[in-house]
Amino acid sequence: MSGSAFNAFKSRVAVAWSPKLYITLVRGLPGTRRLHRRTLEAMRLRRCHRTVEHRTTPSLLGMLTQVKRLVVVETQEMYAARRQAEDDRRAPRPPLVVSHRPPAAATPTPTPTAGH
């Protein structure tokens, strides 16, 4: 990814309240505080670019506030839009049809010749 890791998760739909949140770890764990590592482990985030689904609760929102620089949070609509865009990008393209036949020869039209 060029630039920030957050570029892959830019919102494709309007942000609204959602009963479920999709949380993706986008920064690495080495060099982070022990409290943040334990918070991420409590949220089942152990590897980069892995997404987990959680219900929106006050305790989850508090954990997200703690590790907001390490994760990206998406609503159901945002997650669905991103997954749809990824699927569209990975979809197989229609096959190219190449014809090696020579073009059909047109019947020659008689050209009038000048008579002597």
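**Exercise 1. Which residue of β3 is the bridge partner of Y22?**

Solution. This is a predicted model.
Step 1. Find Y22, which lies in strand β1.
Step 2. Look across to β3, where the bridge partner of Y22 is E74.
Step 3. Count the bridges of this pair of strands: β1 and β3 run antiparallel and are joined by 5 bridges.
Step 4. Another pair of opposite residues is L25 and V71, the latter in β3.

**Exercise 2. What is the order of the strands in the sheet, and which are the edge strands?**

Solution. Step 1. Recall how such a sheet is held. Strands pair through backbone hydrogen bonds, in a parallel or an antiparallel way.
Step 2. The open sheet here has 3 strands in the order β2-β1-β3, and the pairing is antiparallel.
Step 3. β2 (51–55) and β3 pair on one side only, and these are the edge strands.
Step 4. On average, neighbouring strands of this sheet are turned by 30° against each other, with direction ignored.
Step 5. The pairing of β1 with β2 is antiparallel and has 5 bridges. Within it, I23 has V52 of β2 as its bridge partner.

**Exercise 3. Along β2, which side chains are buried?**

Solution. Step 1. Start from the general pattern: in a regular strand, side chains alternate between the two faces of the sheet.
Step 2. Apply it to β2. V52 and H54 point to one face and are buried.
Step 3. T51, E53 and R55 point to the other face and are not buried.
Step 4. Set β3 beside this. Of its 5 residues, 4 are buried, so β3 is largely enclosed by the rest of the structure.

**Exercise 4. How many aromatic pairs does the structure hold, and are the rings stacked or edge-to-face?**

Solution. Step 1. The structure holds 1 aromatic pair.
Step 2. Take the geometry of the rings of Y22 and Y79. Their centres are 4.0 Å apart and their planes stand at 0°.
Step 3. Planes under 30 degrees apart count as stacked; the pair is therefore stacked.
Step 4. Place the two residues in the chain. Y22 belongs to strand β1 and Y79 to helix α3, so the pair ties together parts that are 57 residues apart in sequence.
Step 5. Compare their cover. Buried means under 20% relative accessible area. Y22 has 12% and is buried, while Y79 has 21% and is partly exposed.

**Exercise 5. Which residues of helix α1 are buried, and what do they pack against?**

Solution. Step 1. Helix α1 spans residues 34–42, and its buried residues are H36, T39 and L40.
Step 2. These residues lie on the same side of α1, because they cover an arc of only 95° around the axis.
Step 3. Turn to the opposite face. The exposed residues R34, R38 and A42 are on the face turned away from the buried side.
Step 4. The buried residues of α1 pack against β1 (20–25), α2 (58–66) and β3 (71–75).

**Exercise 6. Where do R44 and H49 lie, and what is the sign of phi in each?**

Solution. Step 1. R44 lies in the loop between α1 and β2. H49 also lies in the loop between α1 and β2.
Step 2. R44 is not a glycine, yet its phi is positive, at about 65°.
Step 3. H49 is likewise a residue other than glycine, and its phi is positive, near 60°.
Step 4. Check accessibility. R44 is partly exposed at 47% relative accessibility, and H49 is partly exposed with a relative accessible area of 43%.
Step 5. Find a residue that H49 approaches in the fold. H49 and L25 are 24 residues apart in sequence and 5.4 Å apart in space, C-alpha to C-alpha.

**Exercise 7. In what order do the elements run along the chain, and how much of the chain is buried?**

Solution. Step 1. The chain has 3 helices and 3 strands.
Step 2. From the N terminus on, the order is β-α-β-α-β-α.
Step 3. The chain has 116 residues, of which 25% count as buried.
Step 4. Consider the contacts in the chain with a separation of 6 or more: residues 24 or more positions apart account for 74% of them.
Step 5. The chain exposes about 9200 Å², with 55% of it supplied by carbon and sulfur atoms.

How values were computed: Residues are numbered from 1 along each chain as its sequence is written. This is a predicted model: local features need pLDDT of at least 70, side-chain atom pairs count only at pLDDT 80 or more; totals for chains, interfaces and linings use all residues. Side-chain values use heavy atoms; hydrogens and water are left out. Buried means under 20% relative accessible area, exposed over 50%, partly exposed in between (1.4 Å probe, protein chains only). Helices (H or I, at least four residues) and strands (E, at least two) are DSSP runs, numbered from the N terminus. The arc is that of the directions from the helix axis to the C-beta atoms. Contact means heavy atoms within 4.5 Å. Two strands pair if DSSP finds at least two bridges between them. Axes are lines fitted to C-alpha atoms, for helices over the stretch in contact, and angles run from 0 to 180 degrees between N-to-C directions. Accessible areas come from the Shrake-Rupley method with a 1.4 Å probe; for residues, only the protein chains shown count as cover. Rings of Phe, Tyr and Trp (its six-membered ring) pair if their centres lie within 6.5 Å; planes under 30 degrees apart count as stacked, over 60 as edge-to-face and the rest as tilted.
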